[in-house]
Structures are given as C-alpha cells and as structure tokens.
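Here is a quick walk through one protein model, with an eye on strands, a helix, the cysteines and a bit of surface. Have the structure open while you read.

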Amino acid sequence: MTDTTTMTVTPSPAAQATVLNLKHISKLYSGVAALSDVSVEIRSGEVHAILGENGAGKSTLMNVASGTAQPDGGSIVFDHETVTLTPTVAARLGIAIVFQHPAVLPDMTVLENLQVSLPGSVFEGGVDEEIAERMLDGVGLHVHLRDRVETLTVAQKHLLEIAKAFAIHPRVLILDEPTAPLGQRSVDLLFSRVRQAVADGVAVVYITHRLAEVRELAHRVTVLRDGELRGESEVADVTDDELLALIVGRQLESTFPPKHVAAAGDPVIFEVDGLSGDGCNDVSLTATRGQIIGVSGVAGNGQSEFLRALAGLSSFTGSVKVGGVAKSGHELLHEAAFMPADRHSEGLMMTLTVRENAAVAALQKFRGWWLLSRKKELGRVADTLQSLDVKAPSLDAEVSSLSGGNQQKVVMARTLLSEPQLVIADEPTQGVDVGARAEIYRILREVADSGIPVIVNSSDAKELEGLCDEVLVMSRGTVIETLRGPDVTEEMMISAAVSSTTSSFAAVESSGPSRVSTGGVRRFIQGDYAPSALLVAVIVVLGGFILTQNDRYLSAFNVSTVLLAVTALGFIALGQTVSLLLGGIDLSVGPLSGFLVVIASFFVNDKKPIVVIMVGLLLMVVVGVAVGLVNGSLIRFAKFTAIAATLTMYIALQGLSFVLRNGPGGYINANVVAVIQTTVGPIPVAFILLVAAALLAEFFLRRRRWGWRLRATGSDEESARRVGVKINRTVILGYILTSLFTVLGAVMLMGQIGVGDPSQGVGYTLSSITAVVLGGTSLLGGRGTFVGTLLGAVLITQLLNATTFLGLSTLWQYVFQGLLILVASVAYSFVRARRTRGSVRA
C-alpha cells in the first residue's frame, strides 16, 4: 500500500453477504459495446469502488444495476433471486443511486422533486415538509423547500440527489462521482453518512476518479477499461501505480506538466485592475507569458462570478487588458473561451452532435468562398477530437450519448478550435478520469506557453497546486491572498480560505437546520402563480376602463354572454395545458372540437329519443379518447414530434368534418342547448363547472403524484425516467386527457352554435395556445397552471367583447391578442432570465 493511505471505513460484521450480483453483463449502444461480459459482486457492509477512464462503462454498469438501463446480456441477482430491474423496482428493493449528473427536475420545487422521486411504498403518507427538511438537513443542504430547483447551484443539486438516495434507507447505495462539485465540508459530511451506512450493513458502490477517496472509503476495488473487467482487488493489496496502470492500460508519467519557469523579461500579457461585478469586488491580478493563474477558495465565495465577468457573461466595472489592450465585456464575450462548470446547462447543446458542439464557436474559420467548407470543418474537428482522445461512436453522434468525461473533452475541443485570446476554465476536470485529466493539464499548459492567458477555478486545491503558477484565494467575493511560486500549496490555500471565513462558518454551523429563504415576495414573483395575479389585474383594469366607456358592460346579459363564451375556449385550453406541461403541443384540438360537434349533429337533434342522444354524447367521448390515444402513440412509439403528430391529426379531422357535412346542418336539440346555457343569476352553470374543473385539475397538478409525473416529464424527460416516471404511459394518458377536455369544450361549443358546422372549431387551436401562454405555462414544458389558463381564456374572451362595446373593428381583436402575447412573453422571459442568473450567482 502506498503512503497515500488514510483512514478507511471499517466493514460491518455482515460484510461477506452478497446482496447484488451482476453476472456477465453486456450492453450495446448503436452497435458499440459499452459493457462486455462484466461480473461484479456487491456485498453488504462494505464500500466497493469502481474505477475506470471516461467511457470505460462504469456509469453504464450502474445504470443497469439501478434499472435505468436494461442489459443486452447477462443477469442480475438480488438476494439470491434473479430480477428484472426498472427504477421503480430498484427503489422498492432498496437500490438507490446518486447519478453523476443529478436526476433533478429543474422546473419543480425542491419539495416536489422529493415527492415525485421517492416511492410511495417507502413514504405511504407522502413526503411532507417536516420529513423533507430532515432529509435535507442530513446532507447539509440549507435551501427553501419552495425554491425551484433550477435556481440551485450545481453542488446543491448534487446534495439534493444525495438526500433522495439516503431517504429510502437503501440496502444498496450507488454513488457516481458524488464529490465532484462539492466543497470540503459537504464531502466530509457525505463520507460520515457513508461510514454510518456501511456500519448499518448497507452495500455502497462508489464510482470516482480520485484515488485518495478510494483509499479513504473503499474496501474492494474493481477496474473497468473499454467496457471490460480489468481487475478486482482488496484496496489494501494494490498500489496507486498498479491501479493507474489498470485504469489507463499503461504506466502514467507525472499527472502535471512542468510549471513555467519565470524569467525577468517575461512580458505581461494579462492584467485585471479593480474588477467588481455581481458576486465579486475589487479583484486585481497580473499574468506574464506562460503563467496559469488559479482561483481558489471555499465554494460560493465569488470564484465563478469572477470568471463569468472575465468571460464577458456578466457586467463589471474596472479594467481588463489582454496583450496590453483594454477589453470591454462585449469584446471579451467574443474573444475569450469559457469552459463552464455545468457542462450540461451551459457548456453543451445536448441535442446537437459531437461535431456541431465542437465546431460551433469556430464556424468563421471553416468558411470557403461563400459557404462553410465541410471538408475544413471535418478535418479540423476530427484532428482536435483525436488529439483529446474523445471516445464517441461517430462525429455525428449526439453529444448526450457520450460519457461525462468525453463531453468535457468536447467542451475543451471547442475552446481550442475557437483560437481564443483568453482561456477561462471553471472546474475543467470535474467528472474527468485520471488519464484525461493529465491530457487536459497538458493542453492548458501548452495554451499558456503559446502566450494565451489561462485562468482556472477548481474546488480541488491539490489540482491548483500541481497546475498553477499563481493562485488567488477568494472569500466573500474579494481576493484575500495571492500565492506565488513555492507558496502555491494545498495547505496554504486551505489555510487562507478557512482563516478568512471562520466567523462565517461558525454562524452557519450555529444556526442549525434552519432553511435559507430567498424571500416570499421574490419566490412568488418567480413562481407559477405570478402570471395569474397579473392576469387578474389586467382583467379588472380592462373591465373598469370599458365600464367607463359603456355602462351596459356589466349588465346581466353581457356577463352571461361573455362567461358562456369562455366555457368552450376554457375547456379546450385546459386540455392544451396538459400537452404543453408535457413539453408537447396539440394542434388538433380545434378541428377535434368542430368534428365532435358535427358528430353530435347526427344524434343530438330534436325529436330524437334520449337513448340516441346519449349514444351521440358517448360517441363524442370515444372519438376523443381515440384521437388522444393516436396522438400520444404517434409521439411515443412512431417517434413523431408533437407538432408533426397533431398537425397530421388536425388535417385528418378537418377533412373528415367536411366529408360528414359539406356545410352547416343538423340542428342541436333545443332542450340540450337550454341545459348547456342554464344560468344561476347571470352566471352560467357551465362556467361554474369550468372553474371547478380548473381548480380540481390544479389540485391534482400540485398535490398528487399524477401532476408531479406530468410536470416531471415536461421538465426533464431523462431525469423523470431515472426517478421512475413511466414516460410512455404519462404522455399517452396526457394526450387522452387533452382530448377529453376538448370533448367538454365541444359540448359547450355545441350549445353555443346549435348546429353541425364543419368550418367551426378550427380557430380554437391558436386561441387555446394563446390562453395557455398568457396564463404563464411554458412552451418548453414542466411549468404552468390550470388557473392561469382559465384566466387567459377569460381575458381573450373579454377582449373580443371589448371591441364590440368600444365600437372597434374585428382587426383590433387580433392586435390586442398579439400585444398581450408579446408583453406576456417578454415579461415571463425576463423573470425566468433573472431567475437563471440568480442560480448562477448562488
């Protein structure tokens, strides 16, 4: 054993019992073997480390073990019984996983993330606030339960993921790179929880790239390379050099390249003087040619904010000079290359290919005479990716299919291809294997030697010690120490940071488990119900203005007419809300409503017996269910986009309407119309039912597992799948519900027009989308309210009515609707952008 050995975890008495046995596991992706005949035994009461380079198959193996991925070969044995795992089954058996990229749902709150993720079999009464607070306190996460997860930092998202894993009291706990974004205090707390879990007999699988953590925690270690098992050993029986040789297939030289040797004549190539911005204050530094400048400190003390200002991503005061030339924020934005810590959210476009992600910042360099030269692009991109040893099925594979480390290499490739004047790297080796780290260090050193300033922020002080020539230690946004030469050591960095923030830490520690609040008013403004409050205000103001112009506006007749007109649009818009919450859209709702009225016009007529009328209404429901089922199936199984599937249905339904009737005909039964138009005073009963339906749907959306799963699917489909949401079923049932709401809207429309007219209903597609958008539902999915949609429908109908009372032409109806959508979109986007910037600063 090497001298890097530190305190290890004492195995529990039950350490010999095998709880999970992965036998001869194989897994293929696009014909490429991710795993080949891998067998691993996981025993209770011990920590089993899994090591390997990025792309070695570690995460794939754990996805199989947690039910997230199904093996193409081999078997899984749990407690001596062969099982087929899904995320739901795994959770029921007590298998919990902390993913390298947290399976969190950004559009939902912290509490809702816990509620949708944790199985009802474990928390029969559900996860209330008291239980949730205890979960978060157990991992040292102090955020408000009502905060939306997208406002959390990367480290806080990881802590939330860890809290979910510990909450189910697992028998097998899988930790995939859990410490990569965490500060030292959070790491210490996590290790303490792991030791306690092991003492209680839990089997812990620990994936990491840090050999020091293996020495500190693990009893046994398994090494994978290229999807194959390369070795397994007791940790005490193997040296670090032997592990490294197994990981990379060769003996590694020194991890860090030689540092720059300073000379008296080295020119100054980078200067920062008195830079102040959001989260940092009065930062100054000077770098000479060949130097790499590091930024250190306890996480959350302004390091990332300082780097973002240098990259031109946030405004600042002070001066920044590159090569002696002062640069504005706009110039830095185009001339600096920024490698963000959160590569998923900011570093990569996950739906684009490897080639497109690497080339996007250097397109000007691939120009031919008039257009881009594909030959130049492919040549440069392929050479750069090859130099970084990026493992991908092809250049045109989606970047989301790569391992985390290979994704980071693609970010590095884009940086190199852009030929920047300044390189800024925020946590550049987070989640990257040992061999790739050495390559990244070498490349950063070569970039610095070429005369390009390099600034690196890392939570790993040992990394900064080995790589950097000078290190700024930051606390509370200011530089408290500048270390140079022999003073650039891990001990000096930690000492400087801790001595500056002791009083702050003490205050936090003494405060106990209290939640950190962002303020109730701000949380409301950034929440889902702010648009609803705004719409209420607009409706009241607009109504007051119209009343001043025409005192008949609030007459019983007009109130009844307006509210009855709201019902058809309201029900159809409620259905559209379901589709948009799923991250889709349903363009067929308008033609479907008209088609259903045409069907009704053959059955719901005067002098027809009640049985025939009931058959007609039942047929409307059956057709609605069938349309929703077809839409959902086309999207999930035929892989149509939501627009393509529902547009196809739009055309089909509209055509069928004209096949059944080529013009208005088949008058609706007068008694049925009278029932639909029944009022209580000036208020239509149909409108009361619409309000009740909206409130009931809102209750289920916020308080029941169905609503959490619906929003989870629209927020982040992959994360939702990982936490056990059955995506196909959720989407198909969602589109069926959309059609059922449209059936109710068609019944209201039937009572309003009183005849089967194939040209009616089409306009409800755009009107329903307008109402939903006005109500604050995101076109990207995952967030919105049924209450907001109802108010949006009221406002649209009010505008149509207002043009009549104000004596305006029909043109103004569309002008007003367009202006409302424009204002609402700008306002909601501004709030969301502020929220996103707030999460970056946090």
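Start with Gly 277, which stands opposite Phe 316 in β14. Before going further, keep in mind that this is a predicted model. The pair belongs to a longer contact: β11 and strand β14 (residues 316–322) run antiparallel to each other, joined over six bridges. Further along, Val 272 faces Val 320 in β14.

β11 has another partner too. Strand β11 (residues 268–277) pairs with strand β12 (residues 280–288), again in the antiparallel sense and over six bridges. Here Leu 275 has Val 283 of β12 as its bridge partner. The two strands make a hairpin with two residues between them, and Gly 279 in that turn has a positive phi of about 105°.

β14, for its part, also pairs with strand β15 (residues 325–326), antiparallel and over two bridges. Val 322 sits opposite Val 325 in β15. This is a hairpin as well, with two residues between the strands, and Gly 323 takes a positive phi near 65°.

Here are the three strand pairings side by side.

| Strand pair | Sense | Bridges | Opposite residues |
|---|---|---|---|
| β11 and β12 | antiparallel | six bridges | Leu 275 and Val 283 |
| β11 and β14 | antiparallel | six bridges | Gly 277 and Phe 316 |
| β14 and β15 | antiparallel | two bridges | Val 322 and Val 325 |

Now for the cysteines. How many disulfides does the structure hold? The count is zero. As a reminder, a disulfide is a covalent bond between the sulfur atoms of two cysteines. Take Cys 280: the closest cysteine sulfur is in Cys 468, and at 18 Å it is too far away for a bond. Cys 468 is likewise in no disulfide, with the sulfur of Cys 280 as its nearest cysteine sulfur. Is Cys 280 buried or exposed? Cys 280 is buried, at a relative accessible area of 3%. Cys 468 is buried as well, with a value of 0%.

Next, look at helix α14 (residues 404–417). Its 14 residues reach 20 Å from the first C-alpha to the last, close to the 20 Å expected at 1.5 Å a residue. Why call α14 largely enclosed by the rest of the structure? Because 13 of its 14 residues are buried. After α14 comes Glu 419, which has a positive phi, near 50°.

On the surface, Met 349, Val 360, Leu 363 and Leu 372 make up a nonpolar patch, with about 290 Å² of accessible area together. One of them, Leu 363, lies in the loop between α12 (354–359) and α13 (374–387). With a relative accessibility of 33%, Leu 363 counts as partly exposed, since the partly exposed class runs between 20% and 50%.

Last stop: Val 32, in strand β2 (residues 32–43). Val 32 is partly exposed, with a relative accessible area of 42%. Which residue is paired with Val 32 in a C-alpha separation of 7.0 Å? That residue is Pro 393, and the two are 361 residues apart along the chain.

Technical notes:
Residues numbered from 1 in each chain as written. Predicted model: local features only at pLDDT ≥ 70, side-chain atom pairs only at ≥ 80, totals over all residues. Heavy atoms only, no water. Patch = residues over 30% accessible without salt bridge, like charges linked within 9 Å, V, L, I, M, F, W, Y side chains within 5 Å. Areas by Shrake-Rupley, 256 points an atom, 1.4 Å probe, with all protein chains shown as cover. Salt bridge = Lys/Arg side-chain N within 4 Å of Asp/Glu carboxyl O. Helix = DSSP H or I, 4+ residues; strand = E, 2+ residues; numbered from the N terminus. Buried < 20%, exposed > 50% of the residue type's maximum accessible area, 1.4 Å probe, protein only. Pairing = 2+ DSSP bridges. Expected span 1.5 Å × (residues − 1). Disulfide = S-S within 2.5 Å.
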